[in-house]
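Please look over the sequence and the structure shown here. A short report goes with them.

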Amino acid sequence: MTSDSSASTVPASNSADGTEPLVSLKNVNKHFGELHVLKDINLEVKRGEVVVVIGPSGSGKSTLCRAINRLETIDDGDIAIDGNHMPSEGKALAKLRSDVGMVFQAFNLFAHKSVLHNVTLGPVKVRKMKATEAKDLAMSLLERVGVANQSDKLPAQLSGGQQQRVAIARALAMKPKVMLFDEPTSALDPEMINEVLDAMVALAKEGMTMIVVTHEMGFARKAADRVLFMADGQIVEEATPEEFFTNPKSARAKDFLGKILTQ
Amino acid sequence: MDGLTEYFDAYLSLFEEFDVLGAFWVNIQLAFWAAIGSLILGTVLALMRISPVASLRWAGAAYVNIFRNTPLTIIIAFGVLGLYAQLNLILADDFDLNFFRIAVLGLSVYHAAFVCESIRSGVNTVPLGQAEAARAIGLSFLPAARLVIMPQAFRGAIAPLGNTMIALTKNTTVAAAGSVAETAGLMLAMIEFRSDVILMIFLTFAVGYVILVIPIGLLTTYLSKKLAVAR
């Protein structure tokens, strides 16, 4: 508790020099029972940076992504967003999560609420925005991701690609400092992947700070500033997309790229 | 033919002698108030059982296991003999109203355990991702439960809740053990004084309850289809 309250005063000094990382992970460890899923992870993401995390399944990349807004707890280490250390629970945690947008593999739109209400729920209930103001914001965001004409429908009436774009709008409505994407296109039919990736590329171009777990190498090439390659719970390699795809250094990365790029 | 008419007249005279509809009306009122009480208490218990606080989860589970596994007759009898006679708990100055309220209390605390478990089964129909998405936009436990989890859980729990309400309606007859003048008590009195039409007495009350309960089943079946959450 004491460290939380002292940390909350930090951001002003952070933004002064502009080099403080927006997201910082220090010596983060996590176990699932016997399995050591995150091994001493150190990561810093700067403001406006787009980081793509790739790696074989079971490498811990989704767990890493979910740990950043504490949907997964960590055993030890430290995670900070904009200088604020992740609190373990309660209102402080909810407050910090509201600044971190999250897009899930399974969309997770609120099934009983219309598309519009999915997007306005956070602004109205968490940010205490007026209903009319929230609706305007939601409609402009839905417009931006190209699903404004679906705003009265229930999530189940939309295609997967449309649902995921609504999910992006829902996260953006909170005006997050950073957006986390946990395999956002893995549950989509092939013809719908691009509509979601296009929305993500546009977001990256606008300067949003993004951490994206994905298997879409095209997105990594197009939008990433940095690629992290994870295997067995460790960050094995870290490079620009150009460098990583043309000249991977580790044997694990070479092996992985060999398998997916020959498809 | 004469015998049949005679029997039928004897049966009809029952309704002049005894206030059958009045007795059913008492059971309907018992069921109504106990339904409200058990739904409120059961929802609170369900929230406790899914809460992030371990001690609340423990308390909720303890409540359910105690009250679900205690015979209702004992709970009602305890209300009258323990709470009222021994501990002087008085819920109304009027003698009959006091027993009525004690019976509602007993029915509520007993069925709240079943309501809690019905709602919890409804919570299990809500995918984990819904709660994660709610937390991810910054909702803490209670707002997430109120805005996202419970509205979907109730829709998934309508059928089991309907079963609980049907059981509750029929269990109001146990209030006879708590000195409430209702159908079960009246039926015993009728059997005692009018054993000439004993079969018709049983049939009357049986049909009465079927008529009372069928609409609950129809309503919950209709609602569970109409309100189902499309995924």
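The report below covers chain B, the interface, one helix and the salt bridges.

This is a predicted model, in which local features need pLDDT of at least 70, side-chain atom pairs count only at pLDDT 80 or more, and totals for chains, interfaces and linings use all residues. Residues are numbered from 1 along each chain as its sequence is written, chains are lettered from A and ligands numbered from 1 in the order in which they are written, and side-chain values use heavy atoms, with hydrogens and water left out.

**Chain B**

Chain B has nine helices and zero strands. Helices (H or I, at least four residues) and strands (E, at least two) are DSSP runs, numbered from the N terminus. The C-alpha trace of chain B spans about 75 × 45 × 25 Å along its principal axes. Of its 231 residues, 44% count as buried. Buried means under 20% relative accessible area, exposed over 50%, and partly exposed in between (1.4 Å probe, protein chains only).

Take B:Ser108 in helix α5 (residues 95-123) of chain B. B:Ser108 is buried, at 8% relative accessibility. Its side chain reaches the backbone oxygen of B:Val104 at 2.8 Å. Beyond its neighbours within four places in sequence, B:Ser108 is in contact with residues including B:Trp33, B:Gly37 and B:Leu41. Contact means heavy atoms within 4.5 Å.

**Where the chains meet**

The contact involves 23 residues from chain A and 20 residues from chain B. Together the two chains bury about 1800 Å², with 65% of it on carbon and sulfur atoms. Buried area is the accessible area (1.4 Å probe) that two parts lose on being put together, summed over both. Which three residues supply more of the area that chain A buries against chain B than any other three? They are A:Phe110, A:Ala111 and A:His112, with 29%.

One salt bridge is counted between chain A and chain B. A salt bridge is a side-chain nitrogen of Lys or Arg within 4 Å of a carboxyl oxygen of Asp or Glu. A:Arg66 forms a salt bridge with B:Glu132.

**Helix α3 of chain A**

A:Arg66 is one of the buried residues of α3(A). Seven of the eight residues in this helix (residues 61-68) are buried. A:Cys65 is buried too, at 1% relative accessibility. Just after α3(A), A:Arg70 takes a positive phi of about 60°.

**Salt bridges**

Over all chains, the count is 21 salt bridges. Here are four of them.

| Pair | Closest N to O |
|---|---|
| A:Arg66 and B:Glu132 | 2.6 Å |
| A:Arg144 and A:Glu206 | 2.8 Å |
| A:Arg226 and A:Glu238 | 2.3 Å |
| B:Arg194 and B:Asp196 | 3.1 Å |

A:Arg226 lies in strand β9 (residues 226-231) and A:Glu238 in strand β10 (residues 234-239) of chain A, so their salt bridge ties together parts that are 12 residues apart in sequence. A:Arg226 is buried, with a relative accessible area of 14%. A:Glu238 is partly exposed, at 41%.

The pair in chain B can be read in the same terms. B:Arg194 is buried, at 10% relative accessibility. B:Asp196 is partly exposed, at 45%. In chain A, salt bridges that share partners join A:Arg47, A:Asp82, A:Lys95, A:Asp99, A:Arg127 and A:Lys177 into one network.

**Disulfides**

How many disulfides are there over all chains? The count is zero. A disulfide is a pair of cysteine sulfur atoms within 2.5 Å.

Definitions and conventions
A polar contact is a pair of N or O atoms within 3.5 Å; within protein, one must be able to donate a hydrogen and the other to accept it, and residues adjacent in sequence count only if both atoms are side-chain atoms.
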